[in-house]
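Grab a coffee and open the viewer. Below is a small set of exercises, each with a solution worked through step by step.

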Amino acid sequence: AAPPGMVLVPAGTFTMGKDTEGKGDRPAHRVKITHAYYIDRLEVSVEAYATCIDAGACSPRIVHLKKNASGLWGCNVEKDRTSHPANCIDRKQAAAYCAFVKKRLPTEAEWEYAARGDDERDFPWGNTAPTSCTFAIVSGMTGGCGDRKGTSAVGTTIEGKSPFGALDMGGNVWEWVAD
């Protein structure tokens with residue numbers, strides 16, 4: 001059984017990158033993940049990261065934080081955003097949090113495999129672009145979340161879960177990887 005809050009990602013082979021995407025994603029190539037691993041089911045919340053700060057193991061979230069940079073498109077610093085993803089941190093801060101909870105950042109290949117699986121899908125949920133924020137937290141959605149700006153609480157993309165059960169792997173915030 002996976003540790004609490006994590007999902008098991010089995011060993012496997014997948015196509016990483018796409019020939020049609022930006023230069024950082026090209027060329028598409030086969031990658032073999034030789035060992036199973038666990039990855040968090042949800043993004044790290046503001047509340048979880050604050051626990052690390054309170055313990056003295058993490059530094060305050062200040063990347064991109066300017067005067068009054070909170071709110072709709074800024075850093076999640078308001079008290080009503082504790083369930084939103086911890087943003088405005090750099091990779092060193094992300095790694096410090098992982099060490100605090102006795103985990104590690106995934107490699108880029110591990111993250112992409114956990115998000116896309118082994119069937120060459122374009123998105124964690126399949127090949128169709130998201131149509132609502134139950135798939136991904138991105139701009140331009142229609143329906144009840146269409147006028148939302150900024151992030152949403154972690155774990156809200158139930159229909160957008162990855163093949164292995166991880167949520168929020170499309171949109172909301174970018175995640176750090178080890179490499």
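The exercises that follow go from the whole chain down to single residues, and everything rests on a predicted model.

**Exercise 1. Get your bearings: which helices and strands does the chain have, and in what pattern do they come along the sequence?**

Start with the inventory: the protein chain has three helices and four strands. Next, read along the sequence, and you'll get β-β-β-β-α-α-α. Now look at burial: of the 179 residues, 41% are buried. Then check how the contacts are spread. Among those with a separation of 6 or more, 66% are between residues 24 or more positions apart. Last, the outside: the accessible surface is about 10200 Å², and carbon and sulfur atoms own 56% of that.

**Exercise 2. Take helix H3, residues 108-116, and work out whether it is largely enclosed or open.**

Step one is to apply the burial cut-off, which is under 20% relative accessible area. Seven of the nine residues of H3 pass, so the helix is largely enclosed by the rest of the structure. Step two is to name them: Ala109, Glu110, Glu112, Tyr113, Ala114, Ala115 and Arg116. Notice that charged residues are on that list, including Glu110, which has just 12% relative accessibility and counts as buried.

Step three: what does the covering? The cover includes strands S1 (6-9), S2 (12-16), S3 (29-33) and S4 (37-40). To finish, step off the end of the helix. H3 is followed by Gly117, with a positive phi near 75°.

**Exercise 3. Find the largest nonpolar core and say which elements build it.**

Begin with the count: this core has 14 residues, and Phe14, Ile33, Tyr37 and Ile39 have the most contacts inside it. S1, S2, S3, S4 and H3 each give two or more residues to the core, and the largest share, four residues, comes from H3. As background, nonpolar side chains tend to be buried together in soluble globular proteins.

Now zoom in on Ile33. Leaving out residues up to four places away in sequence, Ile33 touches Ala11, Gly12, Phe14, Ala109, Glu110 and Tyr113. There's also a second, separate core of nine residues, with Cys52, Ile89, Ala94 and Leu105 among them.

Rings deserve a look too. The structure holds five aromatic pairs, and ring pairs link Phe14, Tyr113 and Phe164 into a cluster.

**Exercise 4. Which side chains of S4 point to the buried face?**

Recall the rule: in a regular strand, side chains alternate between the two faces of the sheet. Walk along S4 with that in mind. Tyr37 and Ile39 point to one face and are buried, whereas Tyr38 and Asp40 point to the other and are not. Then look for S4's neighbour: S1 and S4 run antiparallel, joined by four bridges. Met6, for one, has Asp40 as its bridge partner in S4.

**Exercise 5. How many salt bridges are there, and which parts of the chain do they link?**

A search of the whole structure turns up six. Let's take three of them.

1. Asp122 and Lys18 meet at 2.6 Å, N to O. Asp122 sits in the segment after H3 and Lys18 in the loop between S2 and S3, so to speak distant parts of the chain, 104 residues apart. Asp122 has 35% relative accessibility and is partly exposed; Lys18, at 23%, is partly exposed as well.
2. Arg30 and Glu120 meet at 3.9 Å, N to O. Arg30 is in S3 and Glu120 is in the segment after H3, so this pair ties together parts 90 residues apart in sequence. Glu120 is partly exposed at 46%.
3. Glu110 and Arg104 meet at 2.8 Å, N to O. Here the buried Glu110 has a partly exposed partner, Arg104, at 48%.

**Exercise 6. Which residues other than glycine have a positive phi in the segment after H3, and are they buried or exposed?**

Take Asp168, which lies in that segment. Its phi is positive, about 65°, although Asp168 is not a glycine. With a relative accessible area of 1%, Asp168 is buried. Asn172 is in the segment after H3 too, with a positive phi near 70°. At 14% relative accessibility, Asn172 also counts as buried.

Note on methods
Residues numbered from 1 in each chain as written. Predicted model: local features only at pLDDT ≥ 70, side-chain atom pairs only at ≥ 80, totals over all residues. Heavy atoms only, no water. Buried < 20%, exposed > 50% of the residue type's maximum accessible area, 1.4 Å probe, protein only. Contact = heavy atoms within 4.5 Å. Salt bridge = Lys/Arg side-chain N within 4 Å of Asp/Glu carboxyl O. Core = buried A, V, L, I, M, F, W, Y, C linked by side-chain atoms within 4.5 Å. Pairing = 2+ DSSP bridges. Phe/Tyr/Trp six-rings, centres within 6.5 Å; stacked < 30°, edge-to-face > 60°. Areas by Shrake-Rupley, 256 points an atom, 1.4 Å probe, with all protein chains shown as cover.
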